[in-house]
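Trainee: Got a minute to go through a model with me? I'd like to begin at the ligand.

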Amino acid sequence: MCGIIGILYKGRHVAKDLVRGLKLLEYRGYDSAGVATINRDELLIEKDKGRIDVLNSKLGFEDMPGRIGVAHTRWATHGAPDKINAHPHTDCDGKIAVVHNGIIDNFNEIKDELIRKGHIFKSLTDTEVIPHLIEEYIKNGYSYRDAVIEAVSRLEGAYALGIISLYDPNLMIGVKQLSPLVVGLSEDGVFIASDINSLSPFTKNVIVLDDGEMVFLRTDGYEIMRISNRQRVDKKPLTIEIGTQFADKEGYVHYMLKEIFEQPVVLNYSIRVQEHYLNLMAELLDRSKEIFIIGAGTSYHAALLGSMILSRIARLTAIPVIASEFVSQYGDVVNVESSVLAISQSGETIDVLKAIEFAKSRAATILGITNTLASTLTRVCRVYIHQQSLPEIGVAATKTFTGQLAVLYRLAMVAGKRRGKLSQREMDEMKVEIAKIPGVVEAVLRNVDPIVKKLAKKYSKTKYFIFLGRGLNYPIALEGRLKMLEITYIPSLAYPAGESKHGPISLVEEGVPVIFVAPPDETRRFIIGNMEEMKARGAKLITIGYSDDSELKELSDEYIPMPMVNTLFSPIPYVIPLQLFAYYTATVLGRDPDKPRNLAKSVTVL
Ligand code: F6R
């Protein structure tokens, strides 16, 4: 959470590009934002509560002069989202500006000590201790550079920092511990940022910092240092191609809608991930005594479905676990013979990284599926697969969810073949079937979009929704529920349809909308029973089912007709109407689906 960026140019002002990069980081938090630049021996700061675009018009971020600057977009942890708590933060003399992503665990202790020494704090943030601590070391005779090193050596917790100062206006400092930070280098100057994507308009040459490293950047070069031993670290830049074209809304009102409609294209990429890596991963899974498959939020839903697919196609048992629960639920049995397959779009979710760190300490094999190259996840995995869904900006995961599923299907197929559970002929047939899925998704988008739009209008005033599915489509019901509640704020439940009579049915009364995910597979006849139970109690049945299924149609109050699809792969097309339903309901209610309240796309706090 929180996004930071810093730029130091040789010959031009940085503010315009700071804002451009900051907007690409807005997915990390958007309750307040700020910019600091240095111009003619003056440290200029503009910041407030609100979205970047609004603040830019109000405060003129882009017009701030200076060849060096740092900027921040915030997801509040310590202190309410307001002007005072917005970053950058400064020392008493206003000579040092710091932007920070993460949490300083020992800030209270440092703050008390600094207050005793006379420092005046303006905000309630943990971050503000950093510029004051640097200032304190300078007062005690340290050079600016040494003062920063001493100060960061005292910090505990998670932090990516960007620091500029009047003490040395041609130096930008970056620090990385647990929160992500990358360095960019170009002919025009040098950069630091929370992710590579935000640097894509400026440079392809990046260095990914590791935990415990700091970087000193000047226009003529950089120096990376390990904080613990103060030794120089030799790191050369990598060239990473990231298209900027997908960072634009391309005529769509919201990123979320654009990303939903992008699925036919990007699914083709995910289905075709390199077989070599799938094979390596399948081999490691096959060798493991126990397999855990972990994720958070939407990625956990992918993990749940992944576990079912691995069982069905490859006859492998993989226990699905919510990442934040992993250590307490299964920590005691993790050992050298275990594998942990982590699914994380961002590759930076702290719950996932903590689970992996633990598993690694027990010598387990770490595997990953992610959408973010050079993310922390990619660097701790023995094998990882880049799902290639291209950057996702909308906070609610859509195309990256179906991309995760596509990779998991391919992995299960390769594992099934390796383990002799699938013949070559069966594998070839499955490949043909999965290759049809992007086309099916395209047809779904074309056909159901107007239907779902109308349904959203009709049901947007409901008090709550209930989502039910069975088997492979139970995770799809969960995902439909998550999309709905996170962007519309309408309380919603999701259950395996069979479980609904063990409690949730008590919520059903006249007019309560119950959404059934009901493809024509082996679960259909049981689903019909569950639909009857709900209907008998006055529920409005909204069913997603095969277009020619007249029995289901008749039973339902609303019907979302789906094309014929191989039912093994039905979860991918069947989630599409649910993504659209949540999206249109949010827009009917006047919510911003791209930036739901209290959420951030990359959750880097525990
Ligand atoms: C929901 C959503 C979140 C993420 C979760 C995990 O729409 O986006 O629930 O799925 O925060 O994020 P990653 O996949 O980056 O680990």
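Mentor: One term before that: a polar contact here is a pair of N or O atoms within 3.5 Å. Also keep in mind that this is a predicted model.

Trainee: Fine. How far is the side chain of K483 from the ligand?

Mentor: An N or O atom in the K483 side chain sits 2.9 Å from an oxygen atom of the ligand.

Trainee: And what does the backbone of T298 or A397 do there?

Mentor: A backbone N or O atom of T298 lies 3.1 Å from a ligand oxygen. For A397, a polar backbone atom is 2.9 Å from an oxygen atom of the ligand.

Trainee: How much of the ligand does the protein bury?

Mentor: The protein buries 91% of the 410 Å² that the ligand exposes when taken alone.

Trainee: Which residues come nearest?

Mentor: S299, S344, S346, T349 and E486, out of 14 residues around the ligand. By class, that shell has seven polar, five nonpolar and two charged residues.

Trainee: Which helices supply the shell?

Mentor: α9 (298-314) and α15 each give at least two residues. The largest share, three residues, comes from α15.

Trainee: Where does α15 sit otherwise?

Mentor: Helix α15 covers residues 474-488 and lies across β21, β22 and β23. Its direction is at about 175 degrees to that of β22.

Trainee: What sheet do those strands belong to?

Mentor: An open one of five strands, in the order β22-β21-β23-β24-β25, with parallel pairing.

Trainee: Why do β22 and β25 each have one side without a neighbour?

Mentor: β22 (492-496) and β25 (558-562) stand at the edges with a single partner strand each, so one side of each has no neighbour in the sheet. On average, neighbouring strands of this sheet are turned by 15 degrees against each other, direction ignored.

Trainee: How many bridges join β21 to β23?

Mentor: Four, between β21 at residues 465-469 and β23 at 513-518, and the two run parallel. I466 stands opposite V514 in β23.

Trainee: Which strands does α18 lie across?

Mentor: Helix α18, residues 571-588, lies across β21, β23, β24 (540-546) and β25. Relative to β24, α18 runs at about 140 degrees.

Trainee: Change of topic. What about the sheet with β1 in it?

Mentor: That is an open sheet of eight strands, ordered β3-β2-β4-β1-β10-β9-β11-β15, and the pairing is antiparallel.

Trainee: Which strands are at the edges?

Mentor: β3 and β15 (238-239), each with a single partner strand, so one side of each is left without a neighbour in the sheet.

Trainee: Does anything pack on it? I mean, which strands do α1 and α2 touch?

Mentor: Helix α1 (residues 15-24) packs on the sheet and touches β1, β2 and β4, with its direction at about 155 degrees to that of β1. Helix α2 (residues 52-59) also packs on the sheet, touching β2, β3 and β4, and its direction makes about 130 degrees with that of β3.

Trainee: How is β1 joined to β10?

Mentor: By five bridges, running antiparallel, with β1 at residues 3-9 and β10 at 189-193. The bridge partner of I5 is A193.

Trainee: And β2 to β3?

Mentor: Eight bridges join β2 (32-39) to β3 (42-49), again antiparallel. One of the pairs is G34 with K47. The two strands form a hairpin with two residues between them, and R40 in the turn has a positive phi of about 45 degrees.

Trainee: Why would I flag a positive phi?

Mentor: Because most residues other than glycine have a negative phi. R315 has a positive value too, near 55 degrees, and R315 is in the loop between α9 and β17 (318-322). A374 is another, at about 65 degrees, in the loop between β19 (365-370) and α12 (376-380).

Trainee: Last one. Which residues does the cis peptide bond join?

Mentor: H87 and P88, with omega about 0 degrees. P88 lies in the loop between β4 (68-74) and β5 (89-90).

How values were computed. Residues numbered from 1 in each chain as written. Predicted model: local features only at pLDDT ≥ 70, side-chain atom pairs only at ≥ 80, totals over all residues. Heavy atoms only, no water. Pairing = 2+ DSSP bridges. Axes fitted to C-alpha atoms, helices over the stretch in contact; angles between N-to-C directions. Contact = heavy atoms within 4.5 Å. Near = heavy atom within 4 Å. Polar contact = N/O pair within 3.5 Å; in protein donor to acceptor, adjacent residues only side chain to side chain. Areas by Shrake-Rupley, 256 points an atom, 1.4 Å probe, with all protein chains shown as cover. Nonpolar A, V, L, I, M, F, W, Y, C, P; charged D, E, K, R; others polar.
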